[in-house]
Amino acid sequence: QTDLPQKTRGLLHVIGPGAILVGLSIGSGELIMWPTIVAEYGPTMAWAPLLGVFLQYWVNQELGRYVLATGESVYTGFARLSKAFVYFFLFISTAQHLAPAWAVASGGALKALIVGTEGWGETYFWTWCTFLLVCLTLFTARFIYRMVELVMIVLTAVIVLGLMVSVALTSGGDTWKGVGEGAMNFGFIEPEINRFQFFAALVFAGVGGTGNI
């Protein structure tokens, strides 16, 4: 047992990779799926994203402490208990990025941003557009990491400013009252909501944990 090493570089020199990982972990659940659900059904299920984020926070806290205490990844620790955990983590880490809900939600967001929700083109067309944009970003850049970093900076600015403008234009006293009531309405699920949509949003709100560890 020994003390942690002293930092030799400033915060701005080491925040780049961490910022990208945080961007991956705060993704479709928090910024796409739940705003869409709230826009359609209201904040009556506000308890669900709060639950997902709460569980993600504590799970990541304890997993981080395990890594600091043992010097090995939690994947290795789970594998010590049973080899079945290896295949389990491989499955969920792959499935979460192949789930069609993620890609389609991103395509829908791009469509709403450019032409509006009722604008030209099917959602699947815009989904393919997002896929092509990702390919261009990864395969045409001279330095892939630098390009990804620049894209993340632009996206972060657009998301933060967009959220601030949206909240300022749409929220009021009644809105925040509804959010508070939805947060206390634990276990309630709107009868009209698609069960797969609700499950995907609830899972994605905490799915960043597997990326963080």
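**Helix packing and selected residues in an all-helix model**

Helices α3 (residues 47-70) and α4 pack against each other at about 85°, and their axes sit 9 Å apart. That angle falls between 65 and 115 degrees, so α3 and α4 count as roughly perpendicular to each other. On the α3 side, the contact is built from Leu63, Tyr66 and Val67, while α4 brings in Val74, Gly77 and Phe78. Sorted by type, the residues of this contact come out as 5 nonpolar and 1 polar, with no charged residue in the set. The model is a predicted one, and α4 (residues 74-81) happens to be the element with the highest mean pLDDT, at 87.

Confidence elsewhere is a mixed bag. The chain averages a pLDDT of 76, and 78% of the residues score at least 70. At the bottom of the ranking of elements is helix α11 (residues 208-212), with a mean pLDDT of 55. Where pLDDT is low, the predicted coordinates shouldn't be read in detail.

As for the overall fold, the secondary structure amounts to 11 helices and 0 strands, so to speak α all the way along the sequence. Of the 213 residues in the chain, 24% are buried. The accessible surface adds up to about 15000 Å², and carbon and sulfur atoms account for 71% of that. Turning to contacts with a separation of 6 or more, 67% of them link residues that are 24 or more positions apart.

Two residues in helices α6 and α7 are worth a look. Ala105 belongs to helix α6 (residues 100-114). With a relative accessibility of 18%, Ala105 is under the 20% cut-off and therefore counts as buried. Its C-alpha lies 8.5 Å from that of Thr123, a residue 18 positions away in sequence. Helix α7 (residues 123-139), for its part, holds Thr130. Thr130 is buried as well, because its relative accessible area is just 17%, again under 20%. Setting aside neighbours within four places in sequence, the contacts of Thr130 are with Ser106, Gly107 and Leu110.

Phe186 tells another story. This residue sits in the loop between α9 (173-184) and α10 (195-204). At 59% relative accessibility, Phe186 is over the 50% cut-off, so it counts as exposed. Even so, Phe186 has partners from far back in the sequence: Trp47 is 139 residues away along the chain, yet the two C-alpha atoms are 5.6 Å apart in space. Once neighbours within four places in sequence are left out, Phe186 is in contact with Trp47 and Leu51. Residues 47-70 make up helix α3, and this ties the loop that carries Phe186 to α3 through those contacts.

Note on methods. Residues are numbered from 1 along each chain as its sequence is written. This is a predicted model: local features need pLDDT of at least 70, side-chain atom pairs count only at pLDDT 80 or more; totals for chains, interfaces and linings use all residues. Side-chain values use heavy atoms; hydrogens and water are left out. pLDDT is the predictor's confidence in each residue, from 0 to 100. Helices (H or I, at least four residues) and strands (E, at least two) are DSSP runs, numbered from the N terminus. Buried means under 20% relative accessible area, exposed over 50%, partly exposed in between (1.4 Å probe, protein chains only). Contact means heavy atoms within 4.5 Å. Accessible areas come from the Shrake-Rupley method with a 1.4 Å probe; for residues, only the protein chains shown count as cover. Axes are lines fitted to C-alpha atoms, for helices over the stretch in contact, and angles run from 0 to 180 degrees between N-to-C directions. Angles under 35 degrees count as roughly parallel, over 145 as roughly antiparallel, 65 to 115 as roughly perpendicular and the rest as oblique. Ala, Val, Leu, Ile, Met, Phe, Trp, Tyr, Cys and Pro count as nonpolar, Asp, Glu, Lys and Arg as charged, and the others, Gly among them, as polar.
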